[in-house]
Amino acid sequence: MGDESDRPGSRETFTKAPAVTFDPDAARPDPIRAHFPGEEPPEGLRAGDLGPAGESEPNIRRALLDEPYDDPLAPSSVRCVACAHRCVLRPGRIGICGVRQNRGGWLYTLVYGQVVASKVEPIEKKPFYHFLPGSTAFSVATAGCNFHCAFCQNWAISQAHREGVVPESRQVAPEQVVEEAVAAGARSVAYTYVEPTVFIEFAFDSMVRAQAAGLRNVFVTNGYETPEAIELVAPYLDAANVDLKAANDHFYRRVCGARWEPVREAVLEMRRRGIWLELTTLLIPGLNDNARELRAMAEWIATAVGPETPWHLTRFQPAYRLSELRETPAATLVKAAAIGREVGLRHVYVGNAPEVEAATTSCARCGERLIARADYAVTEWRLVAGRCPRCKHALTGVGLEDSPLVC
Ligand code: SF4
């Protein structure tokens with residue numbers, strides 16, 4: 001996801017953060033647990049069968065979003081319902097994402113608070129163009145991912161389990177995420193770089209605390225969340241940028257090891273719940289740049305998600321298992337953007353391609369220029385109380401009332 005400079009290689013060092021007040025009883029509703037393990041282990045198991053989840057391994061915690069799975073051949077199997085793979089795990093087995101394991105009949109996350117990347121960056125880099133423009137987000141990630149995209153730029157952390165890589169990490173409490181975000185002046189916390197669903201316990205605990213501290217929460221996601229996972233995070237999730245990798249199952253199965261339909265459903269479910277959505281498509285030469293398929297995707301966005309939904313088209317840079325491919329030609333990006341506009345999308349952006357970059361927001365009704373950007377920064381702000389200065393049409397988005405530019 002994102003361009004070359006999105007790689008989370010360098011972690012920032014933060015000065016001592018101010019204390020953040022958090023009342024755990026104040027804002028936290030009952031968490032959604034498909035299966036809420038009791039204090040005692042299931043019948044037939046010994047206490048010693050339960051995996052460690054103590055101070056010695058603070059990254060290992062009981063997982064949310066699991067349910068018992070009745071398999072006569074493999075007692076104590078569980079099903080993880082965090083993402084649409086819905087992995088059935090026999091005791092000892094680890095899910096497709098590489099970071100969730102059945103230990104003695106219980107599902108555990110193996111990466112709670114085990115942060116492999118954290119960084120403050122413009123929200124425009126995620127990319128969000130209609131959500132708190134001009135602000136910064138504090139990005140965090142653990143290892144693991146439920147997709148194995150052959151073009152992943154963050155493969156060293158997302159595919160660490162497949163590639164035998166052990167990423168450098170630090171153990172971080174959810175409170176610390178919030179403290180670091182506040183100290184850095186961020187207005188939001190972004191769960192990003194890998195699919196946040198795979199570290200949903202840590203994300204959820206951080207989101208609750210971030211919201212209590214006045215921060216917003218955003219996901220940069222592949223959209224493979226189950227309805228259960230969306231229900232869990234929805235009260236705290238303000239916005240999501242969903243990668244639409246293609247509009248067909250063939251691409252998802254062949255290149256990402258996933259399916260298209262659950263992504264479509266997750267996008268619609270988030271929309272129904274009022275979570276602000278922006279969509280991103282990385283155009284890969286010969287794989288998902290077919291004009292007919294792009295038109296189908298754009299038409300689906302325009303009709304099912306809404307014509308004023310921002311659609312970000314970004315340039316592929318050779319990476320990981322697709323290192324032999326060429327980068328996306330400028331003409332392909334221009335053509336895809338034209339298709340998006342032809343089918344009625346009002347906010348089509350082109351990124352990661354300076355020669356054809358389209359990063360200006362125009363009025364959906366009259367075309368007046370509203371927000372200009374350069375290098376992920378807002379350079380011009382013409383909105384008046386969130387509206388076009390010419391025709392008064394309200395720009396869709398969040399946090400558009402006040403200019404981020406200092407006069
Ligand atoms: S989050 Fe991981 S373990 Fe759970 S269903 Fe998805 S891939 Fe499987």
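The buried residues of helix 4 are where I would like to start, and they are Ile200, Glu201, Phe202, Ala203, Phe204, Asp205, Ser206, Met207, Val208, Arg209, Ala210 and Gln211. That makes 12 of the 13 residues of this helix, so helix 4 is largely enclosed by the rest of the structure. Please keep in mind throughout that we are looking at a predicted model. As for its geometry, helix 4 covers residues 200–212 and reaches 18 Å from its first C-alpha to its last, which is close to the 18 Å expected at 1.5 Å a residue.

Let me move from the helix to a strand. Strand 14, residues 276–283, has eight of its eight residues buried, so this strand too is described as largely enclosed by the rest of the structure. In a regular strand the side chains alternate between the two faces of the sheet. Here Trp276, Glu278, Thr280 and Leu282 point one way, while Leu277, Leu279, Thr281 and Leu283 point the other way, and all of them are buried.

Which strands does strand 14 pair with? On the one hand there is strand 13, residues 239–243, which runs parallel to strand 14 and is joined to it by five bridges, with Asp243 standing opposite Thr280. On the other hand there is strand 15, residues 311–315, again parallel to strand 14 and again joined by five bridges, and in this pairing Leu313 is the bridge partner of Thr281. The connection from strand 14 to strand 15 involves helix 8, residues 291–305, and these three elements make a right-handed β-α-β unit.

Next, the antiparallel parts of the model. Strand 5, residues 100–103, is covered on both faces, with Arg100 and Asn102 buried on one side and Gln101 and Arg103 buried on the other. Strand 5 runs antiparallel to strand 6, residues 106–109, and four bridges join the two; one of the contacts to look for on your screens is Arg100, whose bridge partner in strand 6 is Thr109. The two strands form a hairpin with two residues between them, and in the turn Gly104 has a positive phi of about 60°.

Further along the chain there is an open sheet of three strands, in the order 17-18-19, with antiparallel pairing. Its edge strands are strand 17 (361–362) and strand 19 (377–381), each of which pairs on one side only. Two bridges join strand 17 to strand 18, residues 369–374, and within that pairing Thr361 stands opposite Ile371.

Now to the ligand. Where does it lie with respect to the domains? Domain 1 (47–109) and domain 2 (114–381) both give residues to the shell around the ligand, so the ligand lies between them. The shell has 13 residues, the closest being Cys80, Cys83, Cys87, Gly95 and Cys97, and when sorted by class it contains seven nonpolar, four polar and two charged residues.

One of those closest residues, Cys83, also appears in a contact that spans a long stretch of sequence: its C-alpha atom and that of Glu228 are separated by 8.7 Å, although the two residues are 145 residues apart along the chain. Glu228 itself lies in helix 5, residues 227–233. Is Glu228 buried, exposed or partly exposed? It has 17 other C-beta atoms within 10 Å, and is therefore partly exposed.

I will finish with some backbone details that you may wish to inspect. Most residues other than glycine have a negative phi, and most peptide bonds are trans. Against that background, the peptide bond joining Lys126 and Pro127 is cis, with omega of about -5°, and Pro127 is found in the loop between strand 8 (117–122) and strand 9 (136–141). That loop between strand 8 and strand 9 also holds Leu132, which is not a glycine and yet has a positive phi of about 45°. Leu132 is buried, because 23 other C-beta atoms lie within 10 Å.

Lys392 likewise has a positive phi, of about 75°, without being a glycine, but its place is in the segment after strand 19. With 12 other C-beta atoms within 10 Å, Lys392 is exposed, whereas Leu132 is buried.

Terms used:
Residues numbered from 1 in each chain as written. Predicted model: local features only at pLDDT ≥ 70, side-chain atom pairs only at ≥ 80, totals over all residues. Buried ≥ 20, exposed ≤ 12 C-beta atoms within 10 Å, placed from the backbone. Pairing = 2+ DSSP bridges. Near = placed C-beta within 6 Å. Nonpolar A, V, L, I, M, F, W, Y, C, P; charged D, E, K, R; others polar. Domains from an automatic or database assignment. Right-handed = clockwise from strand over helix to strand, strands pointing away. Expected span 1.5 Å × (residues − 1).
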